[in-house]
Amino acid sequence: MLAALTPATGVAALLLAAWCGWAAYRDQPTKDWHFIGMAVVTLLSLIQLVAGIVLLAQGEKPEQGTTIFVAYLLGAFACVPAAGFMSLAERTRWGSVTVAAGGVVLAVLEVRLYDIWGG
C-alpha cells in the first residue's frame, strides 16, 4: 500500500500506547494531551483509509482480497477513536489502559494490513 505510512501509523500507535500506559501506571486518567495524541494517530489512520480507497479505485488489488482489506482499513480507522470515547466514560486509570490497549490493537492491525496488501 503505502510503504511509509503503514509503519508510521503503527509506530505512532505504539508511542500512544506507551504514553497512556505510563499514565495508567502513574494512576492517571487520560488528559487533554492524550486526546491530542489520539487525534494525531487517528489522522494518520484517516490518511491511510483514504489512500487505500484511492489505490483500490485506481485498480490495484490487495493479495488477500479487497473485502478483508477494506474491513481492516475501517477497523484501523475506528480503533483509537473508540478507545478514546470509552476512556471518556471511565475517568480513572482504566481509561488510560483502554487507550493503551487501543494503540496496541491498532499497531497489530497495521501489521495485518501490510500482510493483506502483499508486503
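In which loop is Asp27 found? Asp27 lies in the loop between helix 1 and helix 2. The model is a predicted one, and Asp27 is a convenient place to enter it. The backbone at Asp27 has a positive phi of about 65°, although the residue is not a glycine. Asp27 counts as exposed because its relative accessibility is 52%, and the cut-off for that class is over 50%.

From this loop the view can be widened to the whole fold. The protein chain contains four helices and zero strands. Read from the N terminus, the order of elements is α-α-α-α. Helix 1 covers 5-25, helix 2 covers 32-57, helix 3 covers 66-89 and helix 4 covers 93-117.

The overall dimensions come next. For 119 residues, a compact globule would be expected to have a radius of gyration near 14 Å, and the protein chain, at 15 Å, agrees with this. Along the principal axes, the C-alpha atoms occupy a box of roughly 50 × 20 × 20 Å. Two pairs of residues give a sense of distance within that box. Thr67 and Ser87 are 20 residues apart in sequence, with their C-alpha atoms 30 Å apart in space. For Val50 and Ala24 the separation is 26 residues in sequence and 33 Å in space, again from C-alpha to C-alpha.

How are the contacts spread along the sequence? Among contacts in the protein chain with a separation of 6 or more, 81% join residues 24 or more positions apart. Buried residues make up 40% of the 119 residues.

The interior can be described through its nonpolar core. The largest such core holds 24 residues, and those with the most contacts inside it are Leu16, Val41, Phe69, Val80 and Leu106. Each of the four helices supplies at least two residues of this core. Helix 4 gives the most, with eight residues.

Leu16 illustrates how one core residue is surrounded. Setting aside residues up to four places away in sequence, Leu16 touches His34, Gly37, Met38, Val41, Val80 and Val99. Two of these partners, Val41 and Val80, are also listed with Leu16 among the residues with the most contacts inside the core.

Cys79 offers a second view of the interior. This residue is found in helix 3. Its relative accessibility is 14%, so Cys79 counts as buried; the limit for that class is under 20%. Apart from neighbours within four places in sequence, Cys79 is in contact with Gly102, Val105, Leu106 and Leu109. Trp33 is 46 residues from Cys79 in sequence, and their C-alpha atoms are 18 Å apart.

Is Thr67, also placed in helix 3, buried or exposed? Thr67 counts as exposed because its relative accessibility is 68%. Helix 3 thus holds both Cys79, which is buried, and Thr67, which is exposed. Val50, in helix 2, has a relative accessibility of 44% and so counts as partly exposed.

The outer surface and the charges complete the picture. The accessible surface of the protein chain comes to about 6400 Å², and carbon and sulfur atoms account for 71% of that area. The chain carries 6 positive and 7 negative charges, whose mean positions are 8 Å apart.

Technical notes: Residues numbered from 1 in each chain as written. Predicted model: local features only at pLDDT ≥ 70, side-chain atom pairs only at ≥ 80, totals over all residues. Heavy atoms only, no water. Rg over C-alpha atoms; globule rule 2.2 N^0.38 Å. Buried < 20%, exposed > 50% of the residue type's maximum accessible area, 1.4 Å probe, protein only. Contact = heavy atoms within 4.5 Å. Areas by Shrake-Rupley, 256 points an atom, 1.4 Å probe, with all protein chains shown as cover. Lys, Arg positive; Asp, Glu negative; His and termini not counted. Charge placed at Lys NZ, Arg CZ, Asp CG, Glu CD. Core = buried A, V, L, I, M, F, W, Y, C linked by side-chain atoms within 4.5 Å.
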